[in-house]
Number of protein chains: 4
Amino acid sequence: MEFEKIFQDIPAHVKALHGKGEVASYIPALACIPGDKFGMALHTVSGDCFSTGDSEERFSIQSISKVFTLSLAMGFEGDSLWRRVGREPSGNPFNSLIQLEYEKGIPRNPLINAGALVISDVLVSNLDDPKKALLDHMRVLSGCFDINFDSEVARSQAQTGFINRALANFLKGNNNLFNDVDEVLDLYFHQCAIAMSCSELANASLHLANHGFSKAMDESILTTEQTKRMNSLMLTCGLYDAVGEFAFRVGLPAKSGVGGGIIAVLPGVYSVAVWSPALEASGNSLAGAAAL
Amino acid sequence: MEFEKIFQDIPAHVKALHGKGEVASYIPALACIPGDKFGMALHTVSGDCFSTGDSEERFSIQSISKVFTLSLAMGFEGDSLWRRVGREPSGNPFNSLIQLEYEKGIPRNPLINAGALVISDVLVSNLDDPKKALLDHMRVLSGCFDINFDSEVARSQAQTGFINRALANFLKGNNNLFNDVDEVLDLYFHQCAIAMSCSELANASLHLANHGFSKAMDESILTTEQTKRMNSLMLTCGLYDAVGEFAFRVGLPAKSGVGGGIIAVLPGVYSVAVWSPALEASGNSLAGAAAL
Amino acid sequence: MEFEKIFQDIPAHVKALHGKGEVASYIPALACIPGDKFGMALHTVSGDCFSTGDSEERFSIQSISKVFTLSLAMGFEGDSLWRRVGREPSGNPFNSLIQLEYEKGIPRNPLINAGALVISDVLVSNLDDPKKALLDHMRVLSGCFDINFDSEVARSQAQTGFINRALANFLKGNNNLFNDVDEVLDLYFHQCAIAMSCSELANASLHLANHGFSKAMDESILTTEQTKRMNSLMLTCGLYDAVGEFAFRVGLPAKSGVGGGIIAVLPGVYSVAVWSPALEASGNSLAGAAAL
Amino acid sequence: MEFEKIFQDIPAHVKALHGKGEVASYIPALACIPGDKFGMALHTVSGDCFSTGDSEERFSIQSISKVFTLSLAMGFEGDSLWRRVGREPSGNPFNSLIQLEYEKGIPRNPLINAGALVISDVLVSNLDDPKKALLDHMRVLSGCFDINFDSEVARSQAQTGFINRALANFLKGNNNLFNDVDEVLDLYFHQCAIAMSCSELANASLHLANHGFSKAMDESILTTEQTKRMNSLMLTCGLYDAVGEFAFRVGLPAKSGVGGGIIAVLPGVYSVAVWSPALEASGNSLAGAAAL
């Protein structure tokens with residue numbers, strides 16, 4: 001089996017990258033994680049699983065969560081969602097306020113911070129306990145019922161997340177946040193602080209490779225069209241300002257997080273999750289991108 | 001006396017402007033004030049006072065407060081203040097985040113919102129009870145000891161001031177706010193909500209026409225150089241995006257607020273305050289600017 | 001054969017879109033072309049050809065030419081090319097100067113106007129007669145030796161292309177144009193004015209679906225890596241500010257032009273070209289995108 | 001007489017600044033001028049003249065010419081002029097395209113490059129031989145009939161003025177330039193290349209201190225209102241991005257040029273011109289500003 005061979009070879013290749021890149025330091029609780037951790041897990045639609053390294057160790061999924069909150073929000077709102085957030089790449093840093101001001105509070109896409117805050121707002125509007133609902137969603141999708149928030153990370157982000165707080169208030173001031181700013185931010189900081197392993201993430205993402213059908217839940221959680229929308233968003237907007245480079249090097253719809261995780265899917269074939277905390281200048285996992 | 005004649009004639013001229021302009025509606029507590037109120041008071045350095053109309057009625061001084069907080073802050077910080085805030089006109093709306101992001105969190109000048117928030121932060125750093133200290137400052141300068149915050153306006157601004165909250169958090173995220181964001185905003189929203197009359201404002205501004213010497217306090221509260229700095233800031237940055245137009249029509253250092261007030265000084269001769277709530281498109285009092 | 005059936009059905013679907021969209025009017029010589037023209041041609045790597053409608057009628061390829069000039073330039077410059085032009089989507093209109101100024105004259109990618117001007121400059125630096133060389137390249141790639149510039153269109157663009165002239169001068173002023181501005185613009189306006197049919201374009205693009213190997217020329221004109229780079233650029237930057245939408249609706253690397261043409265490739269399988277002059281708001285062919 | 005004493009003392013103060021600042025290098029023909037040249041001339045409305053240093057040596061007036069072309073243009077267009085160019089400070093570098101794009105081709109004011117190009121366009125529209133007419137204007141205003149263009153400087157600027165060429169083409173592409181771009185630029189590059197001495201400039205500016213009345217011509221060339229408009233523009237927009245600083249240090253309406261010249265006026269009293277080629281970071285003459 002080809003995948004098996006690849007997974008045997010990857011650790012040696014990745015080892016050459018040890019010591020390169022930088023662990024994100026702006027979230028204090030993440031700064032202390034060893035940069036040379038590396039794990040990877042791939043689940044095929046047909047049921048095979050491959051993994052290597054620290055694939056069972058949980059890490060902070062950070063912006064990868066944007067895929068899952070968007071997936072939940074898609075179920076609540078139809079196309080009206082896209083009046084509040086665009087679907088095009090931004091060409092700006094993930095936390096920029098500039099484009100948001102020029103475009104009157106309509107974020108470019110739901111995978112940059114401003115867009116994800118609008119999505120969080122949708123969840124707050126539609127769910128009694130959005131944090132619990134999101135956690136349940138991740139647990140059921142991955143089949144691991146002890147997945148949880150890393151409350152130290154959530155608190156650390158809440159204490160230092162001034163730019164996200166600026167974005168949320170700016171959205172509110174432009175009438176594109178319907179709930180209380182603090183409530184939306186609380187969900188946002190918690191979604192970023194979900195701790196999952198590569199195996200769990202690969203499993204939770206498998207429906208994106210399977211036309212929206214979750215094997216874990218034995219039901220479709222996204223329509224085929226919604227799944228296609230999600231994958232095209234990941235392809236064009238999923239890797240901050242390195243979307244073009246990643247499309248060249250990897251060519252798969254993907255979403256990265258500053259915790260060093262990346263998920264990617266080959267539609268119809270597999271989902272894959274990789275983790276290594278040291279980041280490239282663009283904010284994506286150095287070894288993770290190389291492994292993919 | 002020339003001033004006496006002018007003050008007799010002004011009301012007739014201003015009456016022609018009734019019904020023009022719009023009262024600021026984005027602060028709910030201000031939206032209900034009749035747009036055709038008009039008052040004006042002028043105090044000369046030599047001790048004469050002239051007034052007309054609703055010159056004794058108190059209104060929300062709003063951004064005019066930026067002159068007085070800056071004046072207080074100048075006493076605490078020397079030139080180091082200007083490392084945190086610039087001294088040039090912005091060419092952007094008073095609450096824009098764009099320039100602030102491009103210029104890495106250094107506001108263009110202390111008379112736009114972002115700059116005034118930095119000044120508030122300086123006051124919070126240096127004063128035990130900055131709100132009380134500011135109130136005392138205004139009371140002593142004007143000689144009216146019942147000047148106070150309009151707490152309904154302050155609450156209204158706190159509840160709806162999302163863009164200011166965005167600015168403050170953005171400054172904090174760029175390490176240009178040293179205190180708690182909420183504490184700085186609390187002072188900021190309160191300073192805007194100070195209620196004063198034209199007579200009180202004219203008196204409180206008289207030192208700006210008098211080389212920094214306050215007759216009410218019988219001492220210099222600004223050096224000659226600081227006074228000159230304040231007046232040049234007012235001249236080039238005091239009227240939002242209508243600085244050039246105001247320099248043409250009026251030609252005096254001035255500062256306006258969205259409550260419809262404007263203060264202005266003729267250095268060496270007089271200070272003047274005018275109030276009329278209906279605003280021009282640029283956010284300055286329509287009848288107030290015409291009267292000046 | 002599936003393609004045959006699809007090509008029989010397409011005209012009926014496209015007819016429903018007649019009268020929608022707008023023919024580009026800012027290039028006078030293009031404004032008079034009937035908006036409901038429609039042609040499409042698909043060439044497979046294995047040698048099959050399918051076509052329908054006005055697939056043999058030539059039209060102005062406009063920005064589609066950016067793919068072919070970049071392809072030529074890749075042969076002259078190695079990775080040093082990417083010091084002069086980026087590889088990420090721009091999130092701005094195709095002819096914006098704003099990002100170019102903020103990023104000191106380095107265009108975001110070679111498929112927006114500013115980037116294509118840098119590529120034209122590379123061709124002027126490396127070719128004795130770049131216009132003739134480009135024409136020869138298109139002729140050999142497509143196997144049609146009477147392909148030519150539409151000189152009326154080229155003249156029309158030169159006379160009205162003030163924004164492109166602004167971009168070129170701005171690049172020159174930022175030391176990112178090494179040749180004479182007029183010479184670079186002359187090539188640029190001519191490349192846009194090449195007239196080709198869908199069949200010719202499909203044939204000329206076939207190497208992009210074939211790892212860089214041109215069957216018409218019986219040689220590789222791009223390496224596998226260069227081909228992959230080109231396709232990822234088309235995928236992430238090829239459709240102005242509708243890249244995300246096109247990735248969702250079509251999912252293929254593609255490049256559009258305001259003349260109403262679009263080329264696209266399915267790597268390993270086929271290249272396809274479509275033409276219909278009426279455009280969507282984003283500047284891409286309305287019926288063309290629908291057909292793809 | 002106070003002025004006489006001041007003019008005797010200035011050279012000693014200025015000598016302390018020798019070796020500071022940088023001569024503008026981006027116009028090759030200006031780069032070779034010794035940075036420590038210094039001249040100054042002041043003409044009072046009542047007819048007195050004071051001068052010191054190299055006050056009779058001619059230099060390239062550069063952007064100071066914007067005052068005189070605007071003065072000419074004011075005579076041709078009434079208030080309609082202000083539909084094509086604003087009257088507010090820009091808060092951006094003098095040659096920025098960013099604000100121009102956001103504001104759809106309407107320059108912020110006539111004293112930045114984009115605005116001055118619109119003014120040049122007005123002159124080209126209204127004058128048979130605008131270069132000759134401008135030269136005649138300067139000659140008559142100053143009373144020196146051998147004032148001329150420095151044709152080497154004009155040629156040097158035409159050859160290297162790519163950003164100005166970008167601005168002119170951008171204006172044309174936004175329908176805010178009615179004549180041929182090259183013709184407008186030719187006038188613009190020539191106006192910048194006028195060579196005049198401090199004495200000549202002080203004389204030519206005297207009407208700005210005299211309600212628009214030119215003693216040299218014995219007639220009013222600007223109305224009182226136009227003169228006031230010019231002075232307020234100089235006060236708020238005349239010194240690039242150091243308007244606020246200059247208002248503080250000097251406090252007079254003024255216009256600087258990168259050739260090291262500055263003119264200023266005290267309305268009702270005097271006009272003054274100063275020249276010293278070494279510039280501050282903001283592009284204004286270092287010793288010139290100090291002397292003023």
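Two residues are taken to be in contact if their C-beta atoms, placed from the backbone, lie within 7 Å. Good morning. With that criterion in hand, I shall discuss this model, which is a predicted one, beginning with the meeting of chains A and C.

By that criterion, 23 residues of chain C are in contact with 23 residues of chain A. On the chain C side, helix 11, residues 224-237, and helix 12, residues 243-249, each supply at least two of the touching residues. Helix 11 of chain C gives the most, with seven residues. As for chemical character, the side of chain C that touches chain A divides into seven nonpolar, nine polar and seven charged residues.

How are the two chains related in space? Chain C can be laid on chain A by a turn of 180° with a shift of 0.0 Å along the axis, and the RMSD is 0.0 Å. This is therefore the relation of a two-fold axis. Among the residues of chain C, C:Gly91 comes closest to that rotation axis, its C-alpha atom being at 2.4 Å. Furthermore, 100% of the interface residues of chain C are also interface residues in chain A, so the copies meet through the same surface.

I turn now to helix 7 of chain A, which covers residues 162-173. Is this helix enclosed or open? A residue is counted as buried if 20 or more other C-beta atoms lie within 10 Å of its own. Eleven of the twelve residues of helix 7 of chain A are buried, so the helix is largely enclosed by the rest of the structure. The buried residues include A:Ile163, A:Leu167, A:Phe170 and A:Leu171, and also A:Arg165 and A:Lys172. What covers them includes helix 3 (98-102), helix 4 (113-126) and helix 8 (181-192) of chain A, together with helix 8 (162-173) of chain B.

The length of helix 7 of chain A can also be checked. At 1.5 Å a residue, its twelve residues should span 16 Å, and the end C-alpha atoms are 16 Å apart, which agrees. Just after helix 7, A:Asn175 takes a positive phi of about 60°.

My final topic is a hairpin in chain B. Strand 2, residues 39-44, and strand 3, residues 49-53, pair in the antiparallel sense over five bridges. Within this pairing, B:Ala41 stands opposite B:Ser51 of strand 3. Four residues lie between the strands of the hairpin, and B:Gly47 takes a positive phi near 110°.

Thank you for your attention.

Key
Residues numbered from 1 in each chain as written. Chains lettered and ligands numbered in written order. Predicted model: local features only at pLDDT ≥ 70, side-chain atom pairs only at ≥ 80, totals over all residues. Expected span 1.5 Å × (residues − 1). Nonpolar A, V, L, I, M, F, W, Y, C, P; charged D, E, K, R; others polar. Least-squares fit on C-alpha atoms with pLDDT ≥ 70 in both. Pairing = 2+ DSSP bridges.
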